[in-house]
Amino acid sequence: MNGNIQAGYARLLGTFMLGLMQNWPLLCHKVLDHAARVHPRRTVVSYAADGVFETTYAQIRARALRVAQRLRMEGIQPGERVATLASNTARHLEVWYGATGMGAVYHPVNPRLFPEQIVYIIQHASDRLIFADPAYVPLLESLVDRLPGVHRFVVLTSAANMPATTLPGAIDYESWLAEVRGGDGENSWASFDENTGAGLFYTSGTTGRPKGVLYSHRSIVLLSLTVNAPDMYGFTARDVVLMAVPMYHANGWSWPYTAPMAGASLILPGTRLDGASLCELAQRHRATLSGGVPTVWQGYLDHCAKTGERAASLGRLFIGGSPCPEVMLRAFEQDHGIDVVHAWGMTEMGPTGSACVMTPETAQLTGAERMALRQRQGRVPFLVELKLADEAGKTLPWDDQATGHLHVRGPCILREYFGGEEQRLLDSDGYFDTGDVGAIDANGFIHITDRAKDLIKSGGEWISSVELENAALLHPAVQEAAAIAAADAKWGERPLMVLVLKPGCALTQEELAAHLAARVPRWWLPDAVVFAGELPHTATGKVNKARLREQYQDWSTKRGSD
């Protein structure tokens, strides 16, 4: 008897130790279920190639369920990758949720990559099915002979707007979806573990072949929850989100999940990402917030400066991907009344790592001090742990003086690359080296001074290319600026500045030097300045410094010839 009592007590104790809460897997389709149930009439406006469509989260869920069933009919198995070559539209969103809802993995391909890179990542991911916008059909036709593993192409349009194509098995999306047996599709999703892969994204490959990062359902849901905190994105059901961040860029910054989680309305602009279009869409739909890389929003500012237009409803703007220049911050905040939030992250971080929002300790700052802080990358949220370390891996203090490499760890951060490339990515404590260099102050605000590969080492001392560029951009004649290292026989490396001037403006090297001398140490001043018609950009809109370094690698031997 006593033995039975003891056994029962042990079982009861074990139950309490395990917890008594429901085991509810964090799966991506639960986000859409929530949006369809709680915010069924919230609008999603989509600018597709064949017209402008207004739909709702409830309708997107119903069609995504049909996508899931149609993928099974196509022979797609759980875990297989389904590629998309598409802009931000409701159809693209349906494919994402439909693929993950049946256990497959969506794999957005950046159409701005070099053709060789596109071929490589489609082959590396073993994609068998590709969904593509009509605009990218010619690109795929030029590559199809190098994609033997792809057996079907679905063009994201209707039958009436289906372009003529030689792609094998090509069919328009609406006809493809209509083949679902019974027409309505199933009303439930598949069941599987929350650690199942959901989205596969590749790095831009500026320093080598692109590398794949496979996000799990769990990591996507967790990160989307944490970045929806008030001191991060903080979406609400009252927001109208103009999603200028491409869905193929680092999971669309998680916005395809954070918006429906909160019940925010979505404006999906398709290819309409020029400054005039963004301003028009923001005004027409009364967008309350948007975001993207600096180059996209420079186009918006240029358009507004020329026309005098502005989107009065736009109150918040998230800028990331590369450092936001002070001149851009000032223009948005002072001329447009828009609160700019500087954000930081990378594909390997799931992708968001920090956001710059004021705290009680910094709220009293004004003038130059406040602007300096606003240019920082901000503080990490819960689920992102941050470490500053020197070259040897020794932890450095958060005193705003020590400069080192930024390392991160957390449940939404890369453990290894897809396919097992580059093993041993983490240090002994499980931290991932982001490749960014900077300092952290006592309040946790990150100040990234450069990418490690972009620092300029002159006479054994480091020069920040980012700070040089930001100083140059404060000159009213400068449109874009890039500082890179040029070989120097005496100092090892010296700064070379490549500038794009605003239309109708002129500037000499001497005038630039005088402007910079008031803002950076004199020994930082570039030895040479190149005035270019344009700067090369990566597929995600960042300045391609690798290309510039290649172009000007022997600048010291021909200095002054351009």
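Let us start at R494, which sits in strand β23 (residues 492–501). This is a predicted model, and R494 is a good place to begin a tour of it. With a relative accessible area of 9%, R494 is buried. Leaving aside residues up to four places away in sequence, its contacts include I456, S458 and I463, and also I484, A485, A486 and D488. W523, W524, L525 and D527 touch R494 too. For a sense of scale, take I60: 434 residues separate R494 from I60 in sequence, and their C-alpha atoms are 54 Å apart in space.

**Two helices and their surroundings**

Next comes helix α2, which covers residues 28–38. Its buried residues are C28, H29, V31, L32, D33, A35 and A36. What do the buried residues of α2 pack against? Their partners are the helices α3 (57–73), α4 (90–101), α8 (217–226) and α9 (255–262), together with β8 (197–202).

Helix α5 (residues 115–125) also has a buried set, made up of Q117, I118, V119, Y120, I121, I122 and A125. Among the elements covering these residues are β3 (81–85), β4 (105–108) and β5 (129–132), as well as α6 (137–143) and β8. Just after α5 comes S126, with a positive phi near 60°.

**How helices meet**

The axes of α4 and α9 lie 12 Å apart, and the two helices pack at an angle of about 90°. The pair is therefore roughly perpendicular. On the α4 side, L93, W96 and Y97 take part, meeting P256, Y257 and P260 of α9. By class, this contact of α4 with α9 holds six nonpolar residues, with no polar and no charged ones.

A second pair is α11 (residues 294–307) and α12 (residues 326–335), whose axes are 11 Å apart and meet at an angle of about 45°. That angle makes α11 oblique to α12. The crossing of α11 past α12 is left-handed. P294, W297, Q298, Y300 and L301 of α11 meet M328, A331 and F332 of α12. In this contact, seven residues are nonpolar, one is polar and none is charged.

**Cysteines**

How many disulfides does the model have? The count is zero. Why is C279 not bonded to C304? Their sulfurs are 4.1 Å apart, which is too far for a bond because a disulfide needs the two sulfur atoms within 2.5 Å. C304 holds the cysteine sulfur closest to that of C279. C412 is in no disulfide either, and its nearest cysteine sulfur, in C28, is 11 Å away. C279 counts as buried, at 0% relative accessibility, and C412 is buried as well, at 9%.

**Backbone details**

Two residues in the loop between β10 (240–242) and α9 deserve a look: A250 and S254. Neither A250 nor S254 is a glycine, yet each has a positive phi, as the table shows.

| Residue | Phi | Relative accessibility |
|---|---|---|
| A250 | about 50° | 7%, buried |
| S254 | about 75° | 1%, buried |

Finally, which peptide bond is cis, with omega near 10°? The bond from G350 to P351 is. P351 belongs to the loop that runs between β14 (339–345) and β15 (352–355).

Conventions
Residues numbered from 1 in each chain as written. Predicted model: local features only at pLDDT ≥ 70, side-chain atom pairs only at ≥ 80, totals over all residues. Heavy atoms only, no water. Buried < 20%, exposed > 50% of the residue type's maximum accessible area, 1.4 Å probe, protein only. Helix = DSSP H or I, 4+ residues; strand = E, 2+ residues; numbered from the N terminus. Contact = heavy atoms within 4.5 Å. Axes fitted to C-alpha atoms, helices over the stretch in contact; angles between N-to-C directions. Parallel < 35°, antiparallel > 145°, perpendicular 65-115°, else oblique. Left-handed = near helix turned anticlockwise from the far one by under 90°. Nonpolar A, V, L, I, M, F, W, Y, C, P; charged D, E, K, R; others polar.
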